[in-house]
Amino acid sequence: MITDQREMRSGEDRLDPAQVLADARRIRGAGHWRRARARLRESRTARWSQRFLAVAVLLSLLTPLLPLPSPTALDLRALPRPPVGPWVQIGGNGFRREYWELSAVDSALVDVREALFGRWQTGPYLGTDSKGRDLLSRILWGSRTSLLVALAATACSLLIGVTYGAFAGLIGGRTDRLMMRLVDVLYSLPFVFLVIFVLALLDAWLDEAGGASRELVFYALVGAVTWLTMARVVRGQVLALKNAEFVQAARAMGASTSHIVFRHLVPNLLSVVIVYLTLTIPSILLVEAFLSFLGLGIQPPRVSWGLLAADGVEAINPLHSFWWIVVWPAVAMGSTLLALNLLGDGVRDALDPRGRAADTDRPAPGPGA
Amino acid sequence: MSALLEIRDLAVHFPRPRRWREPPAVVRAVDGVDLDLRRGESLGLVGESGSGKSTIARTLVGLQRATAGSIRLDGSELTGLDARGWFPFRRRVQMVFQDPYGSLDPRQTVLSILTEPMEIHALRKPRERRLHALELLEAVGLNPHYANRYPHEFSGGQRQRIAIARALTVHPELVICDEPVSALDVSVQAQVLNLLRELQERYDIAYLFISHDLAVVRSLCQRVSVLYLGRVVESAPRDEIFEAPRHPYTQALIAAVPDPTRAAAHPPVLLEGEPPSPTRPPPGCRFHPRCPARALVPDDRCAREEPPLRTDGAARWTCHLEPGSAPEA
Ligand SMILES: Nc1ncnc2c1ncn2[C@@H]1O[C@H](COP(=O)(O)OP(=O)(O)OP(=O)(O)O)[C@@H](O)[C@H]1O
Ligand SMILES: [Mg+2]
């Protein structure tokens, strides 16, 4: 390990200073960010996860444009259909706006779809569920809900959690103690009961305001709990970093607080933040699934992956095996979460210059250290 | 030569964490220290663990507020300055920390570590900062081609070279080295010390060199101050400290260094006991509970009165014992 200086010089015993200067003009700075990006590009897993997620997000954003059967059109006469043809149907239900509240943008997209495809629509590629609704359509429409939940969680974790934790850690002292006490209190509230409690409390008002605001309350509640862990983690890191010797060194040089925050704290915090984010998103998707399953989250006729899972459970019965009703939503959710985790891992590794099994490379401090 | 740094009566006290049913107390980490440093000179600061060496260093670079006393850099008073007032002096006084693993940001490349101080002090244009950083990398014996590497890709000695280069990027007049080699392998220590010496000649820097390794201090410093429990007990040119130490504590320190050339006629004077707590320093001379020469002073003055300051040429020390009245150590 202790190979010292001169051998790192390329061959010559003493470099010619003029030569070095000439060389130096050619040496380009490649800062931490640029090198991190290069490392991320090198990772094949991260690249494929990125592509998968990009496609998934794109599909879910453009769902109204696709010639899918209506996710809500019932066909109660038939048994669930397995994923077989016909591959194209003409004159199906189209998209039925009366069952679905569309935002202005989505409404415009549906207009485009109707102009483009008319009454053409895809067949039950993935089969239909027990009420005769097209599964592919339901998975794609449901992904939009899950995407929204993930976005709400990410935004709250990043905006509220990181800011709150960093602020508490930087200020320290009594402010820090007070702020963290609040987090402790919020932490100790059981989330499911909180949701039930708040929804029950707001029930009358929500009935007047319609279904959409019920969802809004749900997103707000998800946001309200996801930032807590992030705030704790970030605060702990900031406390440790604040006393790190390289931060002290920067202070001794006269660095301002904002210089220290952006030059030292952010790069050192980022990988931890990303790790926790990739842990938070899956868990919040599962929470959504769980609450929707209990009937506390997303309400029919809207779809979410959680509701699809609930349908899947109902479809399991010993007489008929409607495997597709269980399998496809599970595949969709599983592959998305896997891609998220792999991407998170990749980004974390790219941000850490020491790469994977890094921490072992620091030699034990010598005597007197 | 003009005085670069003048420290007078510097005190740094820390409030001790409150304990149940005990009155609040302070830790007198530094308690009345005088130090003088001329341009281009290196002053060694030695003392046991907990004697306040690092606290002095941190106070000099503005990481710690002085409780009392005065710090003058080139004639300007630093204590009492606010952050804005202190800022220009931060360029002139730089610090090299003990732990080269902790003092470099693991997520910055060497180049950005080296340009950071210039950015903070708005020295040079960005392009010239890079060039200067690479020059300094060369000056500390590292290949400039490694500028885009991260600290973890270097050995301890190399990292300490990077830390030294970082300190030099803003042309300091004084570099404070807080045990810069004690975390390093012995063979690497010598190389880093040589580098420090070389750089001192090249850039005319003054060092305040903190160490508890007397051999290291002897090889690098022209003058030495000995710290005991937050006070300087003896300051003298290097040769006088090592050949003819005057204060009993210094004598004990020197004698504790194994030296094959010293005759067996001078058995080492070994210190007994632990250094007392800086929360309640002993009255009188702070060293008296452990002092081997205490019996030679009449009336137990050591335990009751502050020892007087004695001078002899360039040496000064504080002791009740009359010079020459003790058997030469
Ligand atoms: N931030 C602080 N708060 C409270 N007490 C402190 C603080 N920093 C230092 N001290 C105390 O001040 C005294 C001197 O500490 P200092 O670190 O200056 O010693 P040192 O001479 O550098 O020792 P070492 O050789 O072990 O590095 C010690 O008793 C220490 O406990
Ligand atoms: Mg120390």
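**Exercise 1.** Describe the accessible surface and the burial of chain A.

*Solution.* We begin with the surface: chain A has an accessible surface of about 19,200 Å² (Shrake-Rupley method, 1.4 Å probe; for residues, only the protein chains shown count as cover), and carbon and sulfur atoms hold 65% of it. This is a predicted model, in which local features need pLDDT of at least 70 and side-chain atom pairs count only at pLDDT 80 or more, while totals for chains, interfaces and linings use all residues. Residues are numbered from 1 along each chain as its sequence is written, chains are lettered from A and ligands numbered from 1 in the order in which they are written, and side-chain values use heavy atoms, with hydrogens and water left out. Next comes burial: of the 369 residues in chain A, 46% are buried, where buried means under 20% relative accessible area (1.4 Å probe, protein chains only).

**Exercise 2.** Find which residues surround ligand 1, and how they divide by type.

*Solution.* First, 14 residues surround ligand 1, each with a heavy atom within 4 Å of the ligand, and B:Gly50, B:Lys53 and B:Thr55 are among the closest. Second, the shell divides into four nonpolar residues, seven polar and three charged, where Ala, Val, Leu, Ile, Met, Phe, Trp, Tyr, Cys and Pro count as nonpolar, Asp, Glu, Lys and Arg as charged, and the others, Gly among them, as polar.

**Exercise 3.** Identify side-chain polar contacts of ligand 1 (pairs of N or O atoms within 3.5 Å).

*Solution.* An oxygen atom of ligand 1 lies 2.4 Å from a polar side-chain atom of B:Ser49. For B:Ser54, the distance from a side-chain N or O atom to a ligand oxygen is 2.7 Å, and for B:Glu179 it is 3.4 Å. Finally, the protein buries 62% of the 630 Å² that ligand 1 exposes when taken alone.

Terms used. A polar contact is a pair of N or O atoms within 3.5 Å; within protein, one must be able to donate a hydrogen and the other to accept it, and residues adjacent in sequence count only if both atoms are side-chain atoms. Buried means under 20% relative accessible area, exposed over 50%, partly exposed in between (1.4 Å probe, protein chains only).
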